[in-house]
Every structure is written in C-alpha cells, then in structure tokens.
Amino acid sequence: MLVIIDNGHGKETRGKCSPDGLHREWQWSREMARRIAGMLGGYGIESRLFVPEERDIPLAERCRRANKIAGERADAILISIHNNASGDGSRWLSASGWSAFVSHNASQNSRRLASLLTAEALDANLGGNRATPPCGYWSANLAICRDTRCPAVLTENMFQDCKSDVELISSEEGKNLIAAIHVNALLKYFNIKK
C-alpha cells in the first residue's frame with residue numbers, strides 16, 4: 001500500500017490565504033500532509049510526500065513526480081490536500097464545509113476513495129452549507145487527478161475565506177480531525193481494521 005500525498009500550492013501562489021493573511025494554504029497543507037503521513041505509518045501504510053519545496057511546483061511536474069513514484073504499483077493512490085475558497089481572498093464570505101473531487105476520467109477506485117473521504121467528513125459534521133452530490137464527490141477537470149496513473153482524489157478541507165472554517169482548521173483539534181478524516185477513509189479503502 002502506497003499513499004502519494006500532494007500538498008498543493010507553493011507560497012507564492014496568489015490568493016491562497018485567508019483575508020486577514022494569517023492562514024496560508026501552502027503552510028497548512030504541508031503540515032497536514034506530514035500529519036497524515038505520520039498517522040498512516042502507524043498502520044504500516046507507506047506514504048510519500050513528493051513536493052518538499054515551499055515554492056509552487058507546476059502541475060505537470062507534480063504529475064510527473066507522482067507517476068514516477070507510483071510506477072507500476074497497483075496499490076498506489078494519490079491524495080492532493082487543499083483548502084477551498086469562494087472568493088478572491090479579499091474578504092470573509094459564508095460558504096463553508098469540506099469536499100472531495102475526482103477527475104472526469106476518474107477510475108472506480110478514485111470514486112470509491114472520494115466517497116469514503118466524504119462519508120468521514122460528513123460523520124464529523126463538516127458538510128458545511130453547500131450541498132454534496134449524492135455520489136459523495138464532485139467531478140472536475142483537475143490535472144493532478146486527471147494526469148496521474150493511479151487513483152487520485154483532491155480534498156478541499158474547508159474554506160479559507162470563511163472565518164469559522166479557518167478557526168476550526170487552525171486549531172489543534174481541527175487539524176487532528178482533518179488528518180483523521182483522511183486516515184480513516186484510507187484505512188477503509190485498504191480494508192485495514194483500526
């Protein structure tokens with residue numbers, strides 16, 4: 001079992017912060033990637049963080065790295081960790097909640113993992129105020145999911161332009177909750193008992 005973890009954007013990517021500038025997606029996603037990797041290790045699941053740089057790495061390069069790591073392994077999956085936003089980052093808005101995305105060409109395994117992730121988020125009462133599709137995930141033309149050779153899901157972990165969401169994901173309790181959502185879903189995906 002191999003979980004390839006993409007920690008999203010780099011520090012110079014515009015608009016990837018809270019309106020007050022205190023929450024920065026690139027820092028948060030890297031911290032979450034490390035937490036998730038550490039927790040997975042406790043269950044004997046190998047994980048790889050493939051974007052160690054703080055700067056933004058182009059999508060084509062991130063996909064190339066992920067595909068190289070996955071190689072021919074049938075047990076490799078990819079999760080890309082992000083925060084959502086409903087505006088341009090200049091003001092606080094009201095959209096809130098957690099969501100998962102797969103590509104339009106997603107495999108059945110990608111869709112199954114996305115559904116498991118969403119179920120965990122909903123069980124944790126992180127659905128927010130936007131409707132979740134009945135299948136449990138959104139489908140979009142996302143390169144990190146579309147152009148990787150293994151099952152891939154992108155998670156949008158709350159809205160960085162919603163004050164209550166940022167308060168949650170900035171807290172230790174919120175960080176542990178988000179990490180647990182990912183880990184619990186992955187344990188179910190790999191059929192590993194807690």
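Biologist: How many of the 194 residues of the protein count as buried?

Modeller: In this predicted model, 53% of the 194 residues count as buried. The cut-off for that word is a relative accessible area under 20%.

Biologist: What makes M158 count as buried?

Modeller: M158 has a relative accessibility of 3%. Buried means under 20%, so M158 counts as buried. You'll find M158 in strand β6, which covers residues 152-159.

Biologist: And why is N191 called exposed?

Modeller: Exposed means over 50%, and N191 comes out at 64% relative accessibility, so N191 counts as exposed. N191 sits in the segment after α6.

Biologist: What is the phi of M158, and what is the phi of N191?

Modeller: M158 has a positive phi of about 75° although it isn't a glycine. N191 isn't a glycine either, and its phi is positive at about 60°. As a rule, most residues other than glycine have a negative phi.

Biologist: What is the secondary structure of the protein?

Modeller: There are six helices and six strands. Going along the sequence, they come in the pattern β-α-β-α-β-β-α-β-α-β-α-α.

Biologist: Why is the protein called as compact as a globular protein of its length?

Modeller: Put the value next to the rule: the radius of gyration is 15 Å, and the globule rule gives 16 Å for 194 residues. Those two are close, so the protein is as compact as a globular protein of that length. If you'd like a box to picture, the C-alpha atoms fill one of roughly 45 × 35 × 30 Å along the principal axes.

Biologist: How do you know what span to expect for helix α6?

Modeller: Helix α6, residues 172-189, has 18 residues, and the expectation uses 1.5 Å a residue. That gives 26 Å, and the helix reaches 26 Å from its first C-alpha to its last, close to what is expected.

Biologist: Which residues of α6 are buried?

Modeller: Quite a list, including G174, K175, I178, H182, L186 and Y189. Each of these is under the 20% cut-off, since that is what buried means.

Biologist: Among contacts between residues at least 6 apart in sequence, how many join residues at least 24 apart?

Modeller: That share is 79% in the protein.

Biologist: What does the protein expose, and how far apart are the mean positions of its charges?

Modeller: The protein exposes about 8900 Å², with carbon and sulfur atoms supplying 50% of it. As for charges, the mean positions of the 25 positive and 22 negative ones are 4 Å apart.

Conventions. Residues are numbered from 1 along each chain as its sequence is written. This is a predicted model: local features need pLDDT of at least 70, side-chain atom pairs count only at pLDDT 80 or more; totals for chains, interfaces and linings use all residues. Side-chain values use heavy atoms; hydrogens and water are left out. Helices (H or I, at least four residues) and strands (E, at least two) are DSSP runs, numbered from the N terminus. The radius of gyration is taken over C-alpha atoms; the globule rule is 2.2 Å times the number of residues to the power 0.38. Buried means under 20% relative accessible area, exposed over 50%, partly exposed in between (1.4 Å probe, protein chains only). Contact means heavy atoms within 4.5 Å. Accessible areas come from the Shrake-Rupley method with a 1.4 Å probe; for residues, only the protein chains shown count as cover. Lys and Arg count as positive and Asp and Glu as negative; His and the chain ends are not counted. The place of a charge is taken as NZ of Lys, CZ of Arg, CG of Asp or CD of Glu. The expected span of a helix is 1.5 Å times one less than its number of residues.
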